[in-house]
Amino acid sequence: MSRVSPRRRGSYGIDAPPAPAFMAVVAVLELVLAIVDRNPRPLLAAAFILTILGAYLHATLRGKFVVWAEILDELKLRGDERILDMGCGRGAVLLMAAQHLTTGRAVGVDLWRGVDQSGNSAEAARSNAVAEGVADRVELHDGDMRALPFEDNSFDLVLSSLAIHNISGRTGRAKAVSEAVRVLRPGGRLLIADVRATRKYQEELARLGMNDIVRRRAGRQFWSGGPWAITRLVTATKPERQI
Ligand SMILES: C[S@@+](CC[C@H](N)C(=O)[O-])C[C@H]1O[C@@H](n2cnc3c(N)ncnc32)[C@H](O)[C@@H]1O
C-alpha cells in the first residue's frame with residue numbers, strides 16, 4: 001500500500017472551537033488596550049497569544065493530518081483489518097486509516113459534540129468519507145466511548161485522536177481506555193493521541209495488563225494548545241493470552 005497523503009479532500013472543522021475563539025478575543029482586547037493606552041506592553045501579550053493561536057490552528061487544520069499520516073504509515077497495515085476510531089468526529093483520522101484498507105472496515109463511533117469540533121455530525125463524517133473515496137469501507141455509529149456498542153475482541157486496531165480528554169472525570173476516561181482494550185482482539189494494537197491525561201492512560205493500560213506500552217510526544221506539528229497542551233501518543237499491544 002503506497003503512503004496515504006495528509007492532503008485532504010473533505011472538510012474537518014476546528015477542534016474545540018471555543019478555545020481559538022477565546023484566544024482571538026483576548027488578542028484583540030490586548031491590541032485595543034495597546035492602542036487606547038498608547039502602551040506597547042499589551043502588544044507583547046497579543047503577539048504571544050497569536051503565536052499560540054497560530055500553532056493551534058496549524059495543528060487542527062494541517063499538523064494532525066501530517067502526524068497521523070506518518071503514524072498510520074508506520075503501522076504497515078495489510079488492508080484487511082477492522083479498525084475502530086473512538087471519538088472520530090468528522091473523520092480526520094478514521095478516513096485516513098480507511099485509505100489503508102482494501103477488504104477491511106474502518107468504524108467510527110462518536111457522540112458528535114459541536115463543542116469538541118466545529119460542524120460535528122455523522123452526516124459531515126459521511127460526506128467526508130465520500131469526498132475521500134472510502135465510503136464503501138467506513139461505518140459510523142452513534143455511541144459513547146465509555147460503553148462501546150461492539151463485541152469483545154472485535155477490532156485489530158483501535159485509535160483515538162484528541163477525544164478521550166473530552167470526557168469529564170478520571171473514572172470516565174479510565175472506562176474509555178478499558179473499553180478500547182475490551183474490543184481489541186488479542187495481539188491487536190491501540191494508539192491514543194491526546195493533549196491531557198496521557199500518563200493516566202498509560203497507567204490504566206498497565207493495570208489492564210497491556211504489553212509494549214509507550215508514551216511519547218506526537219510531534220511539533222501536533223502542538224495543540226501551547227506548552228500546556230502538547231499532544232502525546234500512547235501505544236500498546238493486547239497480549240495474545242486473554243486479559
Ligand atoms: C476534538 S474532537 C476530535 C475528533 C477526531 N478524532 C479528530 O481528530 O478530528 C473530539 C471528539 O470526541 C467526541 N467525544 C467526546 N466525548 C465522547 C464520548 N464520551 N464518546 C464518544 N465520543 C466522544 C466529540 O464528539 C468529538 O467528535
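Q: Helices (H or I, at least four residues) and strands (E, at least two) are DSSP runs, numbered from the N terminus; where does Leu 162 lie in those terms?
A: Leu 162 lies in the loop between strand S4 (155-161) and H5. A word on the source: this is a predicted model, in which local features need pLDDT of at least 70 and side-chain atom pairs count only at pLDDT 80 or more, while totals for chains, interfaces and linings use all residues. Residues are numbered from 1 along each chain as its sequence is written, and side-chain values use heavy atoms, leaving out hydrogens and water.

Q: Why does Leu 162 count as buried?
A: Buried means under 20% relative accessible area, exposed over 50%, and partly exposed in between (1.4 Å probe, protein chains only). Leu 162 has 12% relative accessibility, so it counts as buried.

Q: What makes the phi of Leu 162 worth a look?
A: Most residues other than glycine have a negative phi. Leu 162 is not a glycine, yet its phi is positive, about 55 degrees.

Q: Which sign does the phi of Arg 38 have, and why is Arg 38 called exposed?
A: Phi of Arg 38 is positive too, near 45 degrees, again in a residue other than glycine. Arg 38 is found in the loop between H1 and H2. Its relative accessible area is 79%, therefore Arg 38 is exposed.

Q: How do you know that H1 and H2 are roughly antiparallel?
A: Helix H1 (residues 18-37) packs with helix H2 (residues 41-74) at an angle of about 160 degrees, and their axes are 8 Å apart. Axes are lines fitted to C-alpha atoms, for helices over the stretch in contact, and angles run from 0 to 180 degrees between N-to-C directions. Angles under 35 degrees count as roughly parallel, over 145 as roughly antiparallel, 65 to 115 as roughly perpendicular and the rest as oblique. H1 and H2 are therefore roughly antiparallel to each other.

Q: What makes the crossing of H1 and H2 left-handed?
A: A crossing is left-handed if the near helix is turned anticlockwise from the far one by less than a right angle, and right-handed if clockwise. The crossing of H1 and H2 is of the left-handed kind.

Q: Why is H5 called oblique to H6?
A: Helix H5 (residues 170-183) and helix H6 (residues 198-207) have axes 10 Å apart and pack at an angle of about 50 degrees. That value makes H5 oblique to H6. The crossing of H5 and H6 is right-handed.

Q: What makes S3 and S6 edge strands?
A: Two strands pair if DSSP finds at least two bridges between them. The open sheet has seven strands, ordered S3-S2-S1-S4-S5-S7-S6, with mixed pairing. Strand S3 (138-142) and strand S6 (211-217) each pair on one side only, and they are the edge strands.

Q: How do you know that S1 and S2 pair?
A: Five bridges link strand S1 (residues 82-86) and S2 in the parallel sense, which satisfies the minimum for pairing. Leu 84 stands opposite Val 107 in S2.

Q: Why is S2 called largely enclosed?
A: Strand S2 (residues 105-110) has six residues, and five of them are buried, so the rest of the structure largely encloses this strand.

Q: How many bridges join S6 to S7, and in which sense do they run?
A: S6 and strand S7 (residues 232-237) run antiparallel and are joined by five bridges. Val 214 has Thr 235 in S7 as its bridge partner.
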